[in-house]
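Visitor: Could you take me through one part of this structure up close? I'd like to look at the sheet and whatever packs around it.

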Amino acid sequence: MKWLIDEMLPPAAAAELTALGHEALSVTEAGLGGRDDATIYETAVEQQRVIVTENFADFATITNDRIAAGEPCVPVVFVRKRQHPRGPALAPALARHLHEWSAANPNPYPGVHWP
């Protein structure tokens with residue numbers, strides 16, 4: 001699966017996902033650090049990447065607005081850091097969680113997902 005890890009999550013999660021056989025980039029690696037959420041979403045659409053974020057409010061709104069307008073959309077996976085270990089253990093735990101989710105959902109529909 002192709003992933004785009006939002007900047008509020010550790011960039012190391014992208015490397016961990018790549019080690020598990022995925023194609024993953026952090027927002028920072030993609031040159032999108034500090035960019036607005038609409039630009040991040042559009043990049044994910046262009047590259048056909050699943051967005052991983054904690055930012056439910058903004059990305060759910062963007063996704064719903066795009067669906068309503070008939071615009072191209074991607075899956076957006078919402079995660080909560082507090083449900084994973086803190087510190088350096090967060091990135092590998094998050095990557096394992098997403099890897100397991102992707103195995104159970106190999107073709108996720110464009111829209112909102114709560115793994």
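**The sheet and its surroundings**

Guide: Let's start with the strands: five of them form an open sheet in the order S2-S1-S3-S4-S5, with parallel pairing. Keep in mind that this is a predicted model. At the edges you'll find strand S2 (23-26) and S5, and each has a single partner strand, so one side of each is left without a neighbour in the sheet. The sheet isn't flat, either: on average, neighbouring strands are turned by 25° against each other, direction ignored.

Now zoom in on one pair. S1 and S2 run in the parallel sense and are joined over four bridges. One link to look for is Leu-4, whose bridge partner in S2 is Leu-25. Helix H1 packs on the sheet here, touching S1 and S2, and its direction makes about 175° with that of S2. Helix H4 lies across S1, S3, S4 and S5, running at about 145° to S1.

What fills the space between these pieces? Nonpolar side chains tend to be buried together in soluble globular proteins. Here, the largest nonpolar core has 16 residues, and those touching the most other members are Trp-3, Ile-5, Leu-17, Val-52, Val-77, Val-79 and Leu-98. Strand S1 (2-5), helix H1 (12-19), S3 and helix H4 (90-104) each give two or more residues to this core. H4 provides the largest share, five residues.

Ile-5 is a nice one to click on. Skipping its neighbours within four places in sequence, Ile-5 is in contact with Pro-10, Ala-14, Leu-17, Leu-25, Ser-26, Val-27, Val-52 and Leu-98. There's also a second, separate core of 15 residues, including Tyr-41, Ala-44, Phe-59 and Ile-62.

Phe-59 and Ile-62 bring us to helix H3, where they are buried along with Ala-60, Thr-63 and Arg-66. Look down the axis of H3 and the buried residues fall within an arc of 160°, so they line one face of the helix. The general idea is that an α-helix has 3.6 residues a turn, so residues three or four places apart point the same way. Among the elements covering the buried residues of H3 are helix H2 (37-47), strand S3 (50-53), strand S4 (75-78) and strand S5 (111-113).

You can check the length of H3, too. Its 13 residues (56-68), at 1.5 Å a residue, should span 18 Å, and the end C-alpha atoms are 18 Å apart, which agrees. Just after H3 comes Gly-70, with a positive phi of about 70°.

Conventions. Residues are numbered from 1 along each chain as its sequence is written. This is a predicted model: local features need pLDDT of at least 70, side-chain atom pairs count only at pLDDT 80 or more; totals for chains, interfaces and linings use all residues. Side-chain values use heavy atoms; hydrogens and water are left out. The expected span of a helix is 1.5 Å times one less than its number of residues. Buried means under 20% relative accessible area, exposed over 50%, partly exposed in between (1.4 Å probe, protein chains only). The arc is that of the directions from the helix axis to the C-beta atoms. Contact means heavy atoms within 4.5 Å. A nonpolar core is a set of buried Ala, Val, Leu, Ile, Met, Phe, Trp, Tyr and Cys residues joined through side-chain atoms within 4.5 Å. Two strands pair if DSSP finds at least two bridges between them. Axes are lines fitted to C-alpha atoms, for helices over the stretch in contact, and angles run from 0 to 180 degrees between N-to-C directions.
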